[in-house]
Amino acid sequence: MEKWENNGAQVFQLEELTLSYPFTKPELFLRIASAAASTGIFTALAFNTTETFFILGFTAAFPVLTALIFLVRWRGLRRALPSLLSDGIYSELKKAGAKRELLLYMVVFILPILIFPLIDPVLALACLLAAVSSFGTAESVFYLYVRQLENGIGRRITVFIRPAPGNPGFYVKGLKLV
């Protein structure tokens, strides 16, 4: 880890950050809890309403969104797997910046609020509950899939992030076997 002084404050440059892939166990429990809570809210509301739009909206959106979220994650891992199994590492050069992350957060947090005036509020609530439940469910299933894959190859998969040498404004992100 590189260290230098900046106006009397010690500054450290991170050489590499290694994290559990796809996420940690506490994050798994948070995803399971969010899926269970949103499904529980849907169930409580479904048994106390005569709105078929609400029930049909959740029932239609949940499997579609769950499959879509899981397939996006699975496809990314499948793309990395050949290199990961042969070389023990898979990496990509990425441009540093917050534009993509900002857009993602806007979609995740602002779109659900904007959907209420655009479509029937009952259907919007069903879709919002389905999205939260789908995300937690798909991510939990993907976590179990990765753990099963790791048991099959006998090694753990981790994600790493490090500055790109000689490329200011870029970083290297990838997976490696440990």
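Which residue of β6 is the bridge partner of R162? Let's start there and work through this predicted model one exercise at a time.

**Exercise 1. Find the bridge partners between β5 and β6, then describe the turn that links the strands.**

*Solution.* The partner of R162 in β6 is V172. A second pair to look for is F160, whose bridge partner in β6 is G174. Now step back to the whole strands: β5 (residues 157–163) and β6 (residues 170–177) pair in the antiparallel sense, with seven bridges. Six residues lie between the strands of this hairpin, and G166 has a positive phi near 75° there. For background, most residues other than glycine have a negative phi.

**Exercise 2. Put the strands of the open sheet in order and work out which ones stand at its edges.**

*Solution.* Begin with the order: four strands run β3-β5-β6-β4, with antiparallel pairing. Next, count partners. β3 (17–20) and β4 (89–95) each have a single partner strand, so each has one side without a neighbour in the sheet. Those two are therefore the edge strands. As for twist, neighbouring strands are turned by 20° against each other on average, ignoring direction. Finally, zoom in on one edge: β3 joins β5 through four bridges in an antiparallel arrangement, and S20 has T158 of β5 as its bridge partner.

**Exercise 3. Locate the cis peptide bond and place its proline in the fold.**

*Solution.* Look at Y21 and P22: the peptide bond joining them is cis, with omega about -5°. P22 sits in the loop between β3 and α1. As a reminder, most peptide bonds are trans.

**Exercise 4. Check whether the end-to-end distance of α5 agrees with its number of residues.**

*Solution.* Helix α5 (residues 121–153) has 33 residues, and at 1.5 Å a residue the expected span is 48 Å. The C-alpha atoms at its ends are 48 Å apart, so the two values agree. Just after α5 comes G154, which takes a positive phi of about 80°.

**Exercise 5. Classify how α2 and α4 each pack against α5, using the crossing angles.**

*Solution.* Take α2 (residues 52–87) to begin with. Its axis comes within 7 Å of the α5 axis, and the two cross at roughly 30°. Angles under 35 degrees count as roughly parallel, and α2 and α5 are therefore roughly parallel to each other. The crossing of α2 with α5 is right-handed. By class, the contact of α2 with α5 has 27 nonpolar, five polar and three charged residues.

Now turn to α4 (residues 111–118). The axes of α4 and α5 come within 8 Å, with a crossing angle of roughly 155°. The cut-off here is over 145 degrees, and α4 and α5 are therefore roughly antiparallel. Their crossing is right-handed.

**Exercise 6. Decide where in the chain the coordinates call for caution.**

*Solution.* Start with the overall score: the chain averages a pLDDT of 88, and 92% of the residues score at least 70. Then compare the extremes. Confidence is highest in helix α1 (residues 25–46), at a mean of 96, and lowest in strand β1 (residues 2–6), at 51. Where pLDDT is low, the predicted coordinates should not be read in detail.

Notes
Residues numbered from 1 in each chain as written. Predicted model: local features only at pLDDT ≥ 70, side-chain atom pairs only at ≥ 80, totals over all residues. Heavy atoms only, no water. pLDDT = per-residue confidence, 0-100. Expected span 1.5 Å × (residues − 1). Axes fitted to C-alpha atoms, helices over the stretch in contact; angles between N-to-C directions. Parallel < 35°, antiparallel > 145°, perpendicular 65-115°, else oblique. Left-handed = near helix turned anticlockwise from the far one by under 90°. Nonpolar A, V, L, I, M, F, W, Y, C, P; charged D, E, K, R; others polar. Pairing = 2+ DSSP bridges.
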